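Okay, thanks for coming, everyone. I'd like to walk you through a model that you probably haven't seen before.

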Amino acid sequence: MASPKTPIVAQRGATISSMHAEIITPVARTLTSPQLHALFDILTHYETYDEVQLFRDPDTIAGYGYPFALQYNPDNTPSYAPKSTVPLLAGVLRSIVLPLPGVRDLPSDFWHVRFQGILSKLGEAELSESYDKGVLGVRKTLATAASAIHESVSRGLLGGVPKGPQRDLFGGYDKSKASDLSRAWDDVVHELTYGTLIDDLFEAATASSNLDDLPPAVLASVDYVIIHVATFMHHVLVLSSEGPYMLRLIEMVHKLIPYSAIRQVLRIGNVATMLNGLTKLLLAKMSMGSISNWIGLTRNADDGMNLLQWIISGVLSADSAEFRKTADNIEKAKDGPPKELLAKIREYIAKSRNFHDQTRERSFESPTSIISAILQGGADSLTMEQHAQCLEYLSACLAVRDREEITKVLCRHKPDHFTQAIRDVVNSFEPIIRSVHERIDLREHVSSVENILTDFIDTSKPKSKPIPISNVQTSNLKAEDAPTETRAPSIEDYVGLLERARQLVYNLIHDMLNKCPEVADQYRSYCKQVFKTVSSGQTSVPPQAESSSTSSFESAVEEVQSGAATNNDQTEGTHDVKPIPTEDKVANSVHPRTDEDTPSTMGWRKRRGGAGALSSNLQALFSALPSETRARVLTVVDAHAIYLAQLEELSLDRMQHILNDMQPQSQPETSNGNTDSGLESSNAKSEKNSSSNTLANGSLQVPEPSGDTHPSSRPGSSRSMTAVGLKLAKANSGIFSPVTASISGPGMFLSRWQQLLDETVVTPDVPGGQPRRGKDVKHALAQGKTVSSATKDAWDPEALTALVESGVPVPPEEERIVVEALGEQFKSLVADLVARMEV
């Protein structure tokens, strides 16, 4: 489905690029490392999301390339597109997903018949657009989030990891400092790619289930990942208006999963019998139609749904009922829109894809609301209130139709691709399942999964009492009505959730590696293959990255910094205006230079190598541009390089604030005045050594979930957390709870994700109004979407987001200029690279 063309991002006031657009003379043909990195970032950012949007067209999957069929030969064998139309997506699938043990053994029919059939049918279903509904919705929120994460992975695969000297993973890493956590992550990635760390980790996890046996750099990098994942979870479930609604859907599915029955099936010792019982439990269809088809009385009669399909259908059906209520209330309203106009709206929904595209285009170009474009002259008689009701009616009807179409494709389609795809996956993983089941009691780990999900749901619910928001956020907003405390879960709460879960996950990994060596060898080889893909073999900065000692980028930074510093002097006492850092200033602020620093160890801050393995290719594309186009592109690239530097500094600052807010609290005293001996450990010793140290025993000191009952002690759990996990949870109970709540955290990808949401075009809310942007409606929730009573009105996502965004830099407005100049060439370049990948 084609949306109306999105114009360049709406005006955001003065930007970095406008402050130095006139100083770029003469136009350089050679880009520096930061400029190459910025160009690479822009191109992958927009290309990835453009590819994601292409899947609204059912024919896109045919042009994907291997393993999806373009067409079938006379002998019914598939042929594949020689060059993928979605090369970034195809590259990740081929290099990371397809080689995975178990996945690589899937039959070819799984991809070009089952999976391709499901995606094609979903494309043909023409699920609704954000433009028509007037809100962003869950699909838009998750699609943009997936795109932001995917583009980061794609850059790693295409650019590779620059090779430097061997890292000392047992060196000094202060886990209370964000800069050291970030350095540890880069050192670990480097050694995974070029060192022996993969073998070392497999051997360590095989020998012991104690996390403390891992190298300090690995422990620090795990904390780095935990804080980023916790921030992402907080962003999705707390700051997003769709978060409480998504949590309700997750909770509904969680309650419907038959964990007890699964544990009973896993008691069966014989692997073949166990797998047969498990597939029957999840996939068997018991209906008169299935029986009559089996004995031959009927053909293709509706054979009902299996358990998985029943869960999907039940959740979507219950969700649809709420939207139907909204539509019925509008139809029955006394002063509601005329019945004949509501009938026209329903007729519009049933029209073809081309008709929808034309109506949307007419609405965008007029400009007028989608309701006015649908009703045309009939909308003139509507009052403003009736017009708003029509928008709600259209949104509710589209929501019902979406859920019906998804149910039809996944649960009622003939042939049943969904059920057969699940059977293919089970058969493909059978050797691995057989090996694991023979040596490991999986019931314990199923219970751990159940408890982790329950803990996740409890953590995502409101606190019983509000706690103060970290003053790092509240000091950045001058509004008098800005919230100073909240009942919403904090980032520290999600850090605690992940900390409680990671030992349980590590226990499973240890059991598998220790007791199933043949499985361990398969995954060891897979990991080496993946990291071999990202090894760029690059040992020094490309010549083109050092060819200009004084580039337009450095001039632009100096100009902008002096202007920003002047503004900062004029606004003394405020916190939302900061000098724009130079590249060196950013590097030194988060990773101070020492005598031991070398160009290689500083490379992770200095963008050395620019676009990595693609540096020379991007340089050639840029140099081939006409002089005038090159000047406009260079202006945007320079501004984007500064924007990325600001984002990186902000990300490190926010991680540091979280670490600071997680200071251990003083331990309770026993009757004899001593601290509780059960908690006296290296935690207390670490606190004595450094009052700022927030980590001990290789893990962050974390709070309990906001609910009153921890899942490990909840009645009715057939099997709670493992002993180690339970001990960890109890040790953290209430002792290290932060006194403030952090609502913003690290992650440059979060800003790139938010940019995609903010640029989304949605219908005007009044006749004759201008099209709105995602930033205007991102806190609106569609009528009919329900949340749990505990979560409803517990916090205001809009107010919290205002605090989070108060100090975030905005990207240059003209980024699309770069895409228009180089987008097609970049896509063709990546498609050629993907076509040469081994599959």
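I'll start with the whole chain, then go to one helix pair, and end with the cysteines.

First, the ground rules: this is a predicted model, where local features need pLDDT of at least 70, side-chain atom pairs count only at pLDDT 80 or more, and totals for chains, interfaces and linings use all residues. Residues are numbered from 1 along each chain as its sequence is written, and side-chain values use heavy atoms, with hydrogens and water left out.

So, the overview. The chain has 35 helices and eight strands; these are DSSP runs numbered from the N terminus, helices being H or I with at least four residues and strands E with at least two. Of its 839 residues, 53% are buried, meaning under 20% relative accessible area with a 1.4 Å probe, protein chains only. Take contacts, that is, heavy atoms within 4.5 Å: among those between residues at least 6 apart in sequence, 81% join residues at least 24 apart.

Now look at H7, residues 178-194, and H8, residues 197-207: they pack at about 100°, axes 7 Å apart. Axes here are lines fitted to C-alpha atoms over the stretch in contact, and angles run from 0 to 180 degrees between N-to-C directions. That makes the two helices roughly perpendicular, a label for 65 to 115 degrees. Who's touching whom? Val188, Glu191 and Leu192 from H7 meet Leu197, Ile198 and Leu201 from H8.

Last, cysteines. How many disulfides, meaning cysteine sulfur pairs within 2.5 Å, are there? Zero. Cys397 counts as buried because its relative accessibility is 16%, and Cys516 is buried too, at 0%.

How values were computed:
Parallel < 35°, antiparallel > 145°, perpendicular 65-115°, else oblique. Disulfide = S-S within 2.5 Å. Buried < 20%, exposed > 50% of the residue type's maximum accessible area, 1.4 Å probe, protein only.
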